[in-house]
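Dear colleague,

I am handing over the structure below, and I would be grateful if you could keep it open while you read. My notes on what was found in it follow.

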Amino acid sequence: VTISKSGEMGAPVEIAYFDKDGILIDSKWLEEVTGNNIILPGNADHAIVSPDGLLPELSKTNNSTKKPLKFNFVFDVPDYNRTNVNWLPWLFSINEYNGWTPGLMVYSGFIPTLDYGISVKPMYDFNNNKLVGSMKIQKTFYQQFGFRRIKLAADYSIFEGRSGAKFSFAGLLRKPIYSSPATNLKASVYTHDIDRDAVTSRFYSSGKYMIGDIGIDYHNYSDPLIRYDFSTGITTSFCKNEFSKLYATGKIRWRSSKKMTTYLRGWMGHFLNDKYVPRQYRNYLGGGVDPNFESGVVLNRMNLIDNTWPTVYERQYIEDGAGLRGIAMDGNRPFYSNETSWGINFTQAIKDVPLRIFADYAGGTDLDDHYFDAGLIINLSSIKIYLPLYQSWDEEALIKDFDSLKERIKFEISIPNISL
């Protein structure tokens with residue numbers, strides 16, 4: 001057994017020896033760790049460094065020479081000297097194309113104190129009578145190449161009429177101990193094979209695509225009264241699909257008093273190349289359509305005559321692009337831009353009051369008009385309901401009665417992405 005350290009802290013380390021039944025045989029303390037080679041006693045089955053787990057470490061996953069499996073229902077406190085495998089029935093996936101797809105979630109890792117993650121989620125699609133699901137692997141490295149943390153991940157899924165993979169890199173830059181300010185460098189490559197019967201041609205182009213995205217996120221939460229977020233990047237296609245676009249988003253959360261909080265968001269996008277833009281990668285003014293199938297909570301991408309679930313963009317809002325929260329359409333035609341477009345979003349919240357005020361302003365260089373909307377938000381934590389009272393692009397911009405309001409209602413589902 002070789003014991004070494006990668007940091008600079010000098011502290012004595014305990015190493016314990018156990019037999020095959022897990023009974024302690026002997027233990028010893030090393031005053032200094034400098035790549036020590038330890039020979040196990042003849043009757044020892046395995047050894048554990050810091051058996052009480054009190055030694056401060058970035059990763060405790062490599063402290064044992066033997067790691068038997070431990071199965072947990074849903075989750076349990078990690079035993080770092082065993083390989084923890086968690087499982088649970090998966091009953092939470094539903095959409096128009098697949099219907100309700102129950103299955104099983106099996107995963108290991110994906111928590112801050114473990115430097116890896118592996119998950120498998122098989123489900124059954126009763127609408128199309130086939131097996132669907134996803135799998136993912138993730139590895140985390142600490143203090144490498146100037147980054148505080150590097151995450152490499154790969155996943156593959158067959159769901160919502162799309163099969164494809166994602167390969168991603170995320171590198172965190174920030175000072176030790178401090179959580180803010182922080183900068184993330186990120187890069188992703190996506191492959192898509194989209195079934196034409198699973199999506200509406202109004203918002204999606206079916207077929208095979210390979211997409212790349214590279215960007216930077218910056219967060220500054222050092223002031224408790226005001227928080228800043230900024231992100232910018234470029235999305236581009238590979239192979240035969242020729243488009244590339246720049247984007248930038250800025251967010252401010254300002255707490256002006258004990259009761260009042262103001263949220264401001266600004267966005268701008270520009271196409272560098274628009275020779276062929278798949279419909280899902282257009283810059284829509286009324287939110288996004290989740291072009292890379294990452295959301296997990298899009299209920300309907302199909303737009304059938306007899307829909308069971310509300311349709312994306314028209315009724316289900318996804319914060320993306322210019323971000324108009326009204327029904328940003330002219331009849332059946334959504335507002336979008338393939339040149340330079342922009343949007344400003346304002347939200348005013350009052351503490352402990354579930355009703356908020358919103359206003360949006362958006363436009364594009366290839367659009368005839370600028371667009372303005374305003375209304376109310378019913379904030380139910382994970383679900384927001386948007387009630388647009390005014391839409392500048394409608395013939396009757398201001399609502400007249402409840403029936404006209406019903407025609408404009410949208411909703412947003414906001415569930416933290418656990419990324420399993």
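Helices (H or I, at least four residues) and strands (E, at least two residues) are taken here as DSSP runs and numbered from the N terminus, and two strands are said to pair if DSSP finds at least two bridges between them. With those terms in place, β18 and β19 form a hairpin that has 4 residues between its strands. Please bear in mind that this is a predicted model, in which local features need pLDDT of at least 70 and side-chain atom pairs count only at pLDDT 80 or more, while totals for chains, interfaces and linings use all residues. Residues are numbered from 1 along each chain as its sequence is written, and side-chain values use heavy atoms, with hydrogens and water left out.

Strand pairing

The two strands of the hairpin pair in the antiparallel sense over 12 bridges, and within this pairing Lys251 has Arg265 of β19 as its bridge partner. On its other pairing, β18 (residues 244–255) runs antiparallel to β17 (residues 226–237) over 11 bridges, where Gly233 is matched with Tyr247 of β18.

Nonpolar cores and a surface patch

A nonpolar core is a set of buried Ala, Val, Leu, Ile, Met, Phe, Trp, Tyr and Cys residues joined through side-chain atoms within 4.5 Å; buried means under 20% relative accessible area, exposed means over 50%, and partly exposed lies in between (1.4 Å probe, protein chains only). The largest such core has 35 residues, of which Tyr204, Leu285, Tyr313, Leu324 and Tyr371 touch the most other members. At least two residues of this core come from each of β15, β16 (207–223) and β19 (260–273). If neighbours within four places in sequence are set aside, Tyr204 is in contact (heavy atoms within 4.5 Å) with Val199, Arg279, Gln280, Val289, Phe293, Arg301 and Val312. There is also a second, separate core of 8 residues, which includes Met105, Tyr107, Met123 and Phe159.

On the surface, Leu69, Phe71, Phe73, Val74, Phe75, Trp87 and Leu104 make a nonpolar patch of about 690 Å². Patches are made of residues with over 30% relative accessible area and no salt bridge, with like charges joined within 9 Å and nonpolar side chains (Val, Leu, Ile, Met, Phe, Trp, Tyr) within 5 Å, and the accessible areas come from the Shrake-Rupley method with a 1.4 Å probe, only the protein chains shown counting as cover for residues. Strand β6 (residues 69–73) gives the most to this patch, with 3 residues; Phe71, which is placed in β6, is exposed at a relative accessible area of 56%.

Salt bridges

The structure holds 15 salt bridges, a salt bridge being a side-chain nitrogen of Lys or Arg within 4 Å of a carboxyl oxygen of Asp or Glu. In one of them, the side chains of Lys139 and Asp115 meet at 3.3 Å, N to O. Because Lys139 lies in strand β12 (residues 130–144) and Asp115 in the loop between β10 (103–109) and β11 (116–125), this pair ties together parts that are 24 residues apart in sequence. Lys139 is partly exposed at 33% relative accessibility, whereas Asp115 is buried at 11%.

Another salt bridge brings us back to the hairpin, since the side chains of Glu319 and Lys251 meet at 2.8 Å, N to O. Glu319 lies in the loop between β20 and β21 and Lys251 in strand β18, so this pair ties together parts that are 68 residues apart in sequence. Glu319 is partly exposed at 38%, and Lys251 is partly exposed at 33%.

A further salt bridge joins Arg301 and Asp290, whose closest N and O atoms are 2.7 Å apart. Both residues lie in the loop between β20 and β21, so the pair ties together parts that are 11 residues apart in sequence. Arg301 is buried at 3%, Asp290 is buried at 9%, and salt bridges that share partners join Glu160, Asp290 and Arg301 into one network.

Backbone points to check

Most residues other than glycine have a negative phi, and most peptide bonds are trans. Asp290 has a positive phi, near 55°, and Asp352 has a positive phi of about 65° although it is not a glycine. Asp352 lies in the loop between β24 (340–350) and β25 (355–364) and is exposed, with a relative accessible area of 66%. Finally, a cis peptide bond with omega about 0° joins Ser180 and Pro181, and Pro181 is placed in the loop between β14 (162–173) and β15 (182–194).

With best wishes
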